Amino acid sequence: MEYLPDSNVRYKDVDYWNERYRTEESFEWFGDFTKFDHLLRQHVGTEENILMLGCGNSALSYDMYRAGYTSITNVDYSNVCVESMAERHKDCAQLSWLCMDARRLAFPDGVFDVVLEKGTLDAMLVEERDPWKVSENTARLLHQVLLEVSRVLKPGGRFISVTFAQPHFRRGLYARAEYDWSIKHYHYGNSFHYFLYVLTKGEELSSEDAALERRLLEEAEAPPTNIRFQEADSEDFLNNIGL
């Protein structure tokens with residue numbers, strides 16, 4: 001891969017992305033729109049107000065626009081990406097592009113029907129060595145982002161998260177009553193499955209997810225135990241996520 005970084009940690013570095021976006025035309029994590037369109041249409045209306053979180057240079061927003069979605073706001077923390085994508089799609093009035101930090105979204109409360117991310121949270125997890133227990137710093141980062149996602153969603157709005165993370169790894173990050181949403185998940189793909197999570201604002205956690213939250217809180221308060229880590233910094237993390 002031409003743009004493969006020399007270390008996974010660079011996936012969290014805006015300078016890496018700025019450099020990459022100066023020359024890379026487009027890249028799709030976890031397959032393009034056609035791979036999960038059938039799932040998206042079940043949960044996202046074409047006239048709903050959509051926020052694309054960490055849009056990158058993916059064609060997802062443009063593909064959705066061509067499929068009839070009429071209002072998509074795209075944000076990314078790379079100014080190079082935002083400027084490039086805005087210029088590329090300047091004739092698409094329904095698509096807007098803003099440079100913004102996902103931890104501090106510059107939008108009022110409750111303005112979006114849907115927040116959609118594809119691979120953005122995965123990029124925030126690249127330094128993690130134990131998939132069962134996220135480090136304190138990363139957990140804090142994800143908590144900031146998820147609080148912001150919940151804040152800008154309307155009641156009944158949906159957070160759509162597309163990832164390769166299996167439910168037994170990802171549900172623990174999403175299962176917090178504080179976010180005020182329920183959790184459902186679906187999968188797509190043939191030889192390798194990817195996952196699409198639908199988190200609906202204003203719905204309670206299931207009893208199973210509420211129990212998971214309680215268990216994780218209890219474990220967080222327990223004395224630390226020895227953990228067997230994965231091999232450090234393997235590029236397998238993002239090498240095989242294209243369909």
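Buried means under 20% relative accessible area, exposed means over 50%, and partly exposed lies in between, with a 1.4 Å probe and protein chains only. The model is a predicted one, in which local features need pLDDT of at least 70 and side-chain atom pairs count only at pLDDT 80 or more, while totals for chains, interfaces and linings use all residues. Residues are numbered from 1 along each chain as its sequence is written, and side-chain values use heavy atoms, with hydrogens and water left out.

## The chain as a whole

The protein chain contains nine helices and seven strands, where helices (H or I, at least four residues) and strands (E, at least two) are DSSP runs numbered from the N terminus. Of its 243 residues, 49% count as buried. The area that the protein chain exposes is about 12500 Å², and carbon and sulfur atoms supply 49% of it; accessible areas come from the Shrake-Rupley method with a 1.4 Å probe, and for residues only the protein chains shown count as cover. Among contacts (heavy atoms within 4.5 Å) with a separation of 6 or more in the protein chain, 70% are between residues 24 or more positions apart.

## Helices H7 and H8 and the loop to S6

Helix H8 runs over residues 207–221, and its 15 residues reach 21 Å from the first C-alpha to the last, close to the 21 Å expected at 1.5 Å a residue; the expected span is 1.5 Å times one less than the number of residues. Asp209, Ala210, Leu212 and Glu213 are the buried residues of H8. They cover an arc of only 155° around the axis, which puts them on the same side of H8, the arc being that of the directions from the helix axis to the C-beta atoms. An α-helix has 3.6 residues a turn, so residues three or four places apart point the same way. On the face of H8 turned away from the buried side are the exposed residues Ser207, Glu208, Glu218 and Glu221. The cover over the buried residues of H8 includes helix H7 (167–174) and strand S6 (181–188).

In H7, the buried residues are Pro167, Arg170, Arg171, Leu173 and Tyr174. Their arc around the axis is only 160°, which puts them on the same side of H7. Asp180 belongs to the loop between H7 and S6 and is partly exposed, at 35% relative accessible area. The phi of Asp180 is near 60°, a positive value in a residue other than glycine. Most residues other than glycine have a negative phi.

## Glu48 and other individual residues

Glu48 sits in the loop between helix H2 (33–43) and strand S1 (50–53), and with 18% relative accessibility Glu48 counts as buried. A polar atom of the Glu48 side chain lies 2.7 Å from the backbone nitrogen of Gly45, and a polar contact of 2.8 Å joins the side chains of Glu48 and Arg158. A polar contact is a pair of N or O atoms within 3.5 Å; within protein, one must be able to donate a hydrogen and the other to accept it, and residues adjacent in sequence count only if both atoms are side-chain atoms. Apart from neighbours within four places in sequence, Glu48 is in contact with His43, Ser71, Asp113, Val114 and Arg158.

The table lists three further residues with their places and accessibility.

| Residue | Place | Relative accessible area |
|---|---|---|
| Ser61 | helix H3 (residues 60–66) | 3%, buried |
| Leu98 | strand S3 (residues 95–99) | 34%, partly exposed |
| Asn137 | helix H6 (residues 136–152) | 56%, exposed |

Leaving aside neighbours within four places in sequence, Ser61 is in contact with Met52, Ile72, Asn74, Leu95 and Trp97, and by the same exclusion the contacts of Leu98 are Thr73, Asn74, Val75, Asp76, Val82 and Phe107. The C-alpha atoms of Leu98 and Tyr77 are separated by 8.5 Å, with the two residues 21 apart along the chain. The side chain of Asn137 is joined to that of Arg140 by a polar contact of 3.1 Å.

## Cysteines

A disulfide is taken as a pair of cysteine sulfur atoms within 2.5 Å, and by this rule the count comes to zero. The closest cysteine sulfur to that of Cys55 is in Cys81, at 4.4 Å, too far for a bond. Cys55 counts as buried at 8% relative accessibility, and Cys92 is buried with a relative accessible area of 10%.
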